[in-house]
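Work through the exercises below with the model open. Each task is followed by a stepwise solution.

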Amino acid sequence: MQDQDIISVTTEIVGDIALVCVDNPPVNALSVHVRRGIQDAIADINAAASAKVIVLYAVGRTFIAGADITEFGKPPMPPALPDLLNEMEQSATPVVCVLHGTALGGGLEVALASHARVGIKGLRIGLPEVLIGLLPGAGGTQRVPRLAGIPVALDMSLSGRQVPAQEALGMGLLDALEEGDPRDVALKAGQDALAGKIKTRRTDLIETQPDDAALEEARKMVARKFPNLVSPQRCIEAIAASTGPIAEGLKIERKAFMDCLDTPQRAGLIHAFFGERAVANIPEKKAAPRDIDAIGVIGGGTMGSGIATSALMAGFKVTLVEVKADALERGIATITKNLDGGVKRGKLSLDQRDAMLANLIGATDIASLSDADLMIEAVFEQMEIKKEIFTKLDAICKKGAILASNTSYLDINEIAAVTSRPEDVIGLHFFSPAHIMKLLEIVVGDKTAPEVVASGFALAKRLKKIGVRAGVCDGFIGNRILGHYSKTAAYLVLDGATPQQVDDALEAFGFAMGPHKVGDLAGLDIGWMTRKRKAADRPAEERYAGAVADRICEEGWFGRKTGRGYYVYDEGDMHPNPEVAKIIDEERAAAGITPRSFADEDIVDRYMTAMIAEATRVVEDGIALRPVDVDVVFLSGYGFPRFRGGPLHYADTIGAAELVRRIETYAKEDPHYWQVPALLRKMAEAGKSFDDINKGG
Ligand code: T1G
């Protein structure tokens, strides 16, 4: 059956009321068959004059959640949504829309073009198009200003936030708020419209109040906050046109929308949207997760207290275990500070904060975890200490308890092997700050049971995190790739670039922070310890990347926490550390290097090519299930610019053949570091992309 032949819109006549129902699970997206169904229904009702009012509603978990994003980038199928909505607005029979769940994007635009809007308690409305590189493309930039004013239109369409029903009522975007089942509310809304309790009116006939100050402020905000993004500026341009005739404004909106549809940003952001959902598609998805209610966290340091905070915020009971009372106190103080931060940011109420702290118990005896469902070990990154803890946990934890390690690099199989229940051992790799960062790498050991993996993903969902499945290797997906491409940043500095030039070039590319600033933020001592841990295994032919960083650490400069690292941090000011420039000169001289200049583009190309090369090997080795899993790891855990869709989505904008050519060119300088992954060479020969691999090709 063709898409356009699906019946997803039905009409029921009840007295003088025509109930038009949309049913297109899972989120009633405005697929072509829905658009045609609404168009036909309204046309038929008007032609037959079979009703005095039309009420449009939807069934299922939500009203229309927007245009069908899967149709973007494909040949357009009529009717285009703007045309349908203009027809609806001109309908001789007034149309009332009843909204429940999440009325977003095109879904809200359908309601804006109708003649009255009734919300059902729990509703949230929004214009999230900028989050996928677009702008409202079916009248949102023209009709919201008419109904609620330019500031509301700017707020909703530039933030993409979901506005609760009560606030929407206050804004004038809803005419009434009801409770009940959508069909029942629809019928009542029809009766209220006929009785004149709900006034119907055409939005296009309302004038927009000019507000140049708000527009100017928005332009400045967007230039500051989203320097790389195209659609926010185009969105402001369209809203500015809403003070003129609506037909003109709709034309400007449409042009801006079509221009944004063609941008790589749109493709990157939509890849990110679907990618974050695709990573839940794992081999173990049919396994039943175990029940988790009580969690034990071992270690109250930065990671342990962050993990405990995240669990408390998700409603779990948490026992925090530390060896000593003072360390336990520090851990609990950090958790309390984290929760207070949530109250300050308006994410939590004081009552919620208190209820969460009431779910927290501190203990210095690991035996207190005998009844917990899940243990998460977050102690010092040393194998011996971890083995000791897992041996103890194996002795005291109940049957069926899940034993997890928050290790960032170490071998989960080796840790599991010290227990009698390796099938219950898994890696749950959180990212700092653990109560904020979205990513959770779920590391599956050779013997980890499918239901334990499924439990990891169920946990991620409850923690409102994005779980990505990773196999066991040093550093799993993210840190393994980071370990490789961060060497490029060091080589670029040794060969002639400055740390600041490298950071600036990558920030212009879209990274929130360049690698040297990230190192200073995370603490340079972490990398130093890793280099020391790996020194014995470093291949002789590998060019050492740590010379400059080691010297900085030997000075006791670990970054922000010591006031200096690659940069000096002084009362809010930050500037390059002049001592580092001297160290770099000395290390170049010691290695006999004559510095050369690098163009910013060359810096980005080398850095990204190194990232893509190791990411390809991670897919090749099966550590990541698909290329999109690598993309989601970097988008949600490593600050990769979201509009570029992730390292391997970005790689497809370059192409495998060009990447092979680049690596072969760079290999002339360092054949050990620059090696073409076999998978990449095969892709180049076959003309394949990473997206082909995502699709199973
Ligand atoms: N189109 C197609 N598929 C969609 C979709 C959409 N708009 N929204 C969700 N899905 C799929 C999703 O991929 C998943 O599929 C399933 O539905 C459940 O989603 C002209 C241009 C509505 C808040 O940006 O924010 O309108 O993985 O897992 O957590 O101006 O989905 O099961 O195969 O996210 O309950 C604007 C996007 C479009 C809203 C529900 N609308 N969706 O969240 O479920 S642009 C959006 C969401 C537009 C007009 C413009 C969320 C949700 P699968 P889910 P959820």
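**Exercise 1. Place H435 and state its exposure.**

Solution. Step 1: H435 sits in the loop between β15 (425-430) and β16 (439-443). Helices (H or I, at least four residues) and strands (E, at least two) are DSSP runs, numbered from the N terminus. Step 2: H435 has a relative accessible area of 16%, so it is buried. The classes are buried under 20% relative accessible area, exposed over 50%, and partly exposed in between (1.4 Å probe, protein chains only). Step 3: relate H435 to L135. The two are 300 residues apart in sequence and 31 Å apart in space, C-alpha to C-alpha.

A note on the input. This is a predicted model, where local features need pLDDT of at least 70, side-chain atom pairs count only at pLDDT 80 or more, and totals for chains, interfaces and linings use all residues. Residues are numbered from 1 along each chain as its sequence is written, and side-chain values use heavy atoms, with hydrogens and water left out.

**Exercise 2. Find the cis peptide bond in the loop that holds H435, then find another one.**

Solution. Step 1: the loop between β15 and β16 also contains P433. Step 2: the bond joining S432 and P433 is cis, with omega about -5°. Step 3: go to the P78 to P79 bond. This peptide bond is cis too, with omega near 0°. P79 belongs to the loop between β3 and α2 (81-89).

**Exercise 3. Check the positive phi angles of N28 and K464: is each residue buried or exposed?**

Solution. Step 1: N28 is not a glycine, yet its phi is positive, near 50°. Its place is the loop between β2 and α1. N28 counts as buried because its relative accessibility is 2%. Step 2: K464, also a non-glycine residue, has a positive phi of about 55°. K464 is in the loop between α17 (450-462) and β17 (466-470). At a relative accessible area of 65%, K464 is exposed.

**Exercise 4. Analyse three salt bridges: K52 with D16, K251 with E248, and E276 with R642.**

Solution. Step 1: apply the criterion. A salt bridge needs a side-chain nitrogen of Lys or Arg within 4 Å of a carboxyl oxygen of Asp or Glu. The structure holds 54 of them.

Step 2: K52 and D16 meet at 3.2 Å, N to O. This pair links distant parts of the chain: K52 is in the loop between α1 (32-48) and β3 (53-58), D16 in the loop between β1 (9-14) and β2 (17-22), and they are 36 residues apart. K52 is exposed at 54% relative accessible area. D16 is partly exposed at 36%.

Step 3: K251 and E248 have their closest N and O atoms 3.1 Å apart. Both are in helix α10 (residues 246-261); they are three residues apart, so about one helical turn separates them. K251 is exposed at 55% relative accessibility, while E248 is partly exposed at 39%.

Step 4: E276 and R642 have a closest N to O distance of 2.7 Å. E276 is in helix α11 (residues 264-278) and R642 in the loop between α25 and α26, 366 residues apart, so distant parts of the chain are linked. R642 is partly exposed, at 33% relative accessible area. Step 5: look for a network. Salt bridges link D495, R543, R596, D602, R606 and E669.

**Exercise 5. Classify the F273-F274 and F509-F640 ring pairs.**

Solution. Step 1: set the rule. Rings of Phe, Tyr and Trp (its six-membered ring) pair if their centres lie within 6.5 Å; planes under 30 degrees apart count as stacked, over 60 as edge-to-face and the rest as tilted. There are 15 aromatic pairs in the structure.

Step 2: F273 and F274 have ring centres 5.0 Å apart and planes at 80°, so this pair is edge-to-face. F273 is partly exposed at 24% relative accessibility. F274 is partly exposed at 32%.

Step 3: F509 and F640 are edge-to-face, with 6.5 Å centre to centre and 80° between the planes. F509 is in helix α19 (residues 499-509), and F640 is in the loop between α25 (627-637) and α26 (647-654), 131 residues apart. Both are buried.

Step 4: extend to the cluster. Ring pairs join F431, Y485, F509, F511, Y607, F634, Y638, F640 and Y650.
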